[in-house]
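Reader: I would like a close look at a single part of this model, followed through from one residue to its surroundings. Could you take me through it slowly, with the reasoning spelled out?

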Amino acid sequence: MSVPLKAGVLIADDHAMVRRGLRHVLDAAPDLHVVAEAGDGIEAVRLGVRDDVDLAILDVAMPRRTGLAAARELSARRPGLKILMLSMHDVDQYFFEALNAGAAGYVLKSAADRDLLEACRAALRGEPFLYPPAVRTIIREHLDAAAAGEETSGEVLTPREQEVVKLVAEAYTTEQIAELLVISPRTVERHRENILNKLGMRDRVELTRYAIRRGLVEP
């Protein structure tokens with residue numbers, strides 16, 4: 001796939017101030033321009049399938065749907081779309097999950113001024129962007145292990161179950177979750193029962209604490 005002369009970029013972050021800062025950096029570059037902004041993961045998916053978006057920059061932690069879940073859906077619906085994850089968390093778990101979700105790289109917000117443009121251009125060329133050079137080796141080992149069918153993640157919940165946990169923790173009702181995920185309320189209840197059984201938990205309070213620990217929601 002050829003690199004567009006001026007690539008259209010989607011920025012998805014629930015903080016307007018962050019979006020403004022990223023837009024300022026990206027629009028100043030001669031080969032990039034922001035064509036859309038989203039404030040949550042569901043809106044990011046809706047906008048990310050547009051033809052004028054060549055690159056999606058997704059915050060890991062967003063309301064209604066995480067950036068990781070949005071990346072998985074966009075990768076499935078638009079395989080040619082380039083995706084970068086943006087996060088304040090320097091945590092290997094998110095790093096690996098971002099790659100598994102189809103992202104080409106992972107940029108720390110604390111280093112965005114230094115790394116963002118380089119990361120965008122690498123992603124558009126179809127190359128990975130890895131913030132510390134030493135991590136390149138770790139990622140290669142991780143992908144090789146995944147390709148060989150070895151277990152690479154400690155996550156016990158399916159992507160759909162993680163979506164349900166996130167929405168439960170954000171205080172959505174069963175009916176609201178069903179509407180957002182386009183499934184029946186009965187299916188939502190079944191997911192919730194499976195999640196509680198898998199995690200050995202009893203109620204919404206414990207699920208909310210779990211969601212915070214896993215970075216699915218912000219405290």
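Author: In this predicted model, Arg19 has a relative accessibility of 15%, and because buried means under 20%, Arg19 counts as buried. Its place is in helix 1, which runs over residues 16-27. Leaving aside residues up to four places away in sequence, Arg19 touches Ile11, Asp13, Asp14, Glu37, Ala38 and Gly39.

The helix that carries this arginine can be checked for its length. Helix 1 has twelve residues, which at 1.5 Å a residue should span 16 Å, and its end C-alpha atoms are 16 Å apart, so the expected span and the model agree. Within helix 1, Arg19 is buried together with Leu22 and Leu26. These three cover an arc of only 70° around the axis, which means that they lie on the same side of helix 1. The spacing fits a general rule: an α-helix has 3.6 residues a turn, so residues three or four places apart point the same way. On the face of helix 1 turned away from this buried side are the exposed residues Met17, Arg20 and His24. As for what the buried side meets, the buried residues of helix 1 pack against strand 1, strand 2, strand 3, strand 4 and helix 5, the last of these covering residues 112-124.

From here one can turn to the nonpolar cores. The largest of them has 27 residues, and those with the most contacts inside it are Leu10, Ala56, Leu58, Leu74, Ile83, Met85 and Tyr106. Among the elements that give two or more residues to this core are strand 1 (7-12), strand 2 (32-38), strand 3 (55-59) and strand 4 (82-87), and helix 2, helix 3 and helix 4 are also included. Helix 3 provides the largest share, four residues. Apart from this core lies another, of 21 residues, and Ile11, Ala29, Leu32 and Ala122 are among its members. Ile11 is also one of the residues that Arg19 touches.

Returning to the largest core, Met85 shows how its members are surrounded: not counting residues up to four places away in sequence, Met85 touches a set of residues including Leu58, Leu68, Ala71, Ala98, Tyr106 and Val107.

Notes. Residues numbered from 1 in each chain as written. Predicted model: local features only at pLDDT ≥ 70, side-chain atom pairs only at ≥ 80, totals over all residues. Heavy atoms only, no water. Buried < 20%, exposed > 50% of the residue type's maximum accessible area, 1.4 Å probe, protein only. Contact = heavy atoms within 4.5 Å. Core = buried A, V, L, I, M, F, W, Y, C linked by side-chain atoms within 4.5 Å. Expected span 1.5 Å × (residues − 1). Arc of directions from axis to C-beta.
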